[in-house]
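I opened this model to look up what sits in its core and how a helix is packed. My notes follow the display.

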Amino acid sequence: MTDLVAPGRFLGMTATEATADWIYFGAPMDFTASFLPGSRFGPPRIREASYGLETYSPVLERDLTELAVADIGDLEFSFGDTSGALDRISRTAREILERGQRFLAVGGEHLITLPLVRSVIQRYPDVVVVHWDAHADLRDTYLGDPYSHATVLRRVSEIIRPGNLYQFGIRSATREETEYARAHSHWYLEAVREPLMRVLPELKGRPLYVTIDLDVIDPGAFPGTGTPEPGGIPAAEAFASLRLLSGMNVVGMDLVEAMPLQDISQRTALLAAKMVRDALLNIAPRRGGEGDGG
Ligand SMILES: [Mn+2]
């Protein structure tokens, strides 16, 4: 088993950058956090926690080591330079997509989704964005700022094609965000699995970008996050919902807002790591292209 332990690399991600179908990287930016900061420590802690998991899932009957996934590490940012960081994230995603690969990025704060989606649109102009979150993130501005973790899905909704935003698990929003959502988004309150299952037939075959704010999960199971919101889906529903993505055309994905330092029990990092593992087990093809996930 020692050959699986590659320091600085996520568990079981043994492919090289050149040969991988999926690229995993960290975007540890938390410059616009409005309440608790610390998601910049997400990527390294999640990678470390991944070694508490098995590479194999008996539920999914797949093994991470059989997939062509490469962990290329974490991006470096100049602290506080939000626009520089967003450019760097966007450029990284674009280079991956131009090579014909797909990516799973880990935050960091939710604002990283904007440059990631910008890059995806260049290759997949009709991309559908599937968003799981406790919060709508549809504010036009937040404390005067149009670029924030609280406005990110509003900005995304303005650059993708009308009708291509699907939001699940939402349990916190302003009245204005709710009205905007009714006009511009397919949105489903509180639950993820059941409504996602209902809309999947209409999303089948279309290019999907999946953005998961991990605070969609009950804070009891996922306490280390910047704006915890009471209520939320059980962790088991999150994993069951990931299974629904198997066989869908997911072209890019992010998992954001994990703040392991807020959680002395370390369950936050471990849950985030298992979400990464299971997301890839469901959506990434097996090595050699004989996969059933893509
Ligand atoms: Mn959120």
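These entries go from the nonpolar core to one strand residue and then to one helix.

I first noted that this is a predicted model, in which local features need pLDDT of at least 70 and side-chain atom pairs count only at pLDDT 80 or more, while totals for chains, interfaces and linings use all residues. Residues are numbered from 1 along each chain as its sequence is written.

Core. I looked up the largest nonpolar core (buried Ala, Val, Leu, Ile, Met, Phe, Trp, Tyr and Cys residues joined through C-beta atoms within 7 Å) and found 88 residues, of which Trp 22, Val 69, Leu 214, Ala 272, Val 276 and Leu 280 touch the most other members. Helix α8 (residues 267-283) gives the largest share of this core, ten residues; helices (H or I, at least four residues) and strands (E, at least two) are DSSP runs numbered from the N terminus.

Arg 102. I found this residue in strand β5 (residues 102-107). Arg 102 counts as buried because it has 25 C-beta neighbours inside 10 Å, where 20 or more make a residue buried, 12 or fewer exposed, and numbers in between partly exposed, with C-beta atoms placed from the backbone. Leaving out residues up to four places away in sequence, Arg 102 touches Asp 21, Trp 22, Val 251 and Gly 252, contact meaning C-beta atoms within 7 Å.

Helix α5. In α5 (residues 175-184) I listed Glu 177, Tyr 180 and Ala 181 as buried. They lie on the same side of α5 because they cover an arc of only 100 degrees around the axis, taken from the directions from the helix axis to the C-beta atoms. Arg 175, Glu 179, Arg 182 and Ala 183 are exposed on the other side of α5, whereas its buried residues pack against β7 (165-170) and β8 (186-189).

Technical notes: Two residues are in contact if their C-beta atoms, placed from the backbone, lie within 7 Å.
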